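Me: I would like a close look at a single part of this chain, set against the fold as a whole. Please take me through it in one connected account.

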Amino acid sequence: MKLEHVTKRYRERAALSDITLSLQDGTITAVLGESGAGKTTLLNVLAGQTSYEGTAEGLLPCSYLFQSPKLLPNLTAEANLRYVLPKTLWEGVGEMLAKVGLAGREKSYPHELSGG
């Protein structure tokens, strides 16, 4: 993934300002910073969850852990995953859930699942 001159504004405030960053395949990257530094905004850009100014190459569906639970309580595990994935990946939802130990729990609602 590569970002060049990425800026994200919320009204008049720049959450990200002229960020240039390259991430290599197969590496683990930690994003650290003070509260309000733009960490979540950067992750939202990388995950394709928010608009921005600048250029980005090689953005792929990726995941990250939210600070607090973000599952929609009225959707099943399967539906929550489909909500955030492009339709081209919907066919693999069952396999994805199985990889995290949720095989057979596709129709369960968040309150029926372990928080872990």
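Reply: Of the contacts in the chain with a separation of 6 or more, 45% are made by residues 24 or more positions apart. The model is a predicted one, and its chain holds three helices and three strands, which follow one another along the sequence in the pattern β-β-α-β-α-α. Taken along the principal axes, the C-alpha atoms fill a box of roughly 45 × 25 × 25 Å. Of the 116 residues in the chain, 22% are buried, while the area that the chain exposes comes to about 8,800 Å², with carbon and sulfur atoms supplying 53% of it.

The part to look at closely is helix 2, which spans residues 77-84. Its buried residues are Ala 77, Glu 78 and Asn 80. Seen down the axis of helix 2, these buried residues fall within an arc of 165°, and they therefore line one face of the helix. Among the elements that cover the buried residues of helix 2 is helix 3, residues 93-99.

A further link to helix 2 comes from Ser 108, which is found in the segment after helix 3. Because its relative accessible area is 10%, and buried means under 20%, Ser 108 counts as buried. When its neighbours within four places in sequence are left aside, Ser 108 is in contact with Thr 76, Ala 77 and Leu 113; of these, Ala 77 has already been met as one of the buried residues of helix 2.

Val 84, which also lies in helix 2, has a relative accessibility of 48% and so counts as partly exposed, a class that runs from 20% to 50%. Together with Leu 72 and Tyr 83, Val 84 forms a nonpolar patch on the surface, and the three residues have about 300 Å² of accessible area together.

For the setting at the start of the chain, strand 1 (residues 2-10) and strand 2 (residues 13-22) run antiparallel and are joined by six bridges. Within this pairing, Lys 2 stands opposite Ser 22 of strand 2. The hairpin that these two strands make has two residues between the strands, and there Arg 11 takes a positive phi near 55°.

To return to helix 2, the picture is of a helix whose buried residues Ala 77, Glu 78 and Asn 80 have helix 3 as part of their cover, and whose residue Val 84 belongs to a nonpolar patch on the surface.

Methods. Residues are numbered from 1 along each chain as its sequence is written. This is a predicted model: local features need pLDDT of at least 70, side-chain atom pairs count only at pLDDT 80 or more; totals for chains, interfaces and linings use all residues. Side-chain values use heavy atoms; hydrogens and water are left out. Patches are made of residues with over 30% relative accessible area and no salt bridge: like charges are joined within 9 Å, nonpolar side chains (Val, Leu, Ile, Met, Phe, Trp, Tyr) within 5 Å. Accessible areas come from the Shrake-Rupley method with a 1.4 Å probe; for residues, only the protein chains shown count as cover. A salt bridge is a side-chain nitrogen of Lys or Arg within 4 Å of a carboxyl oxygen of Asp or Glu. Helices (H or I, at least four residues) and strands (E, at least two) are DSSP runs, numbered from the N terminus. Buried means under 20% relative accessible area, exposed over 50%, partly exposed in between (1.4 Å probe, protein chains only). Two strands pair if DSSP finds at least two bridges between them. The arc is that of the directions from the helix axis to the C-beta atoms. Contact means heavy atoms within 4.5 Å.
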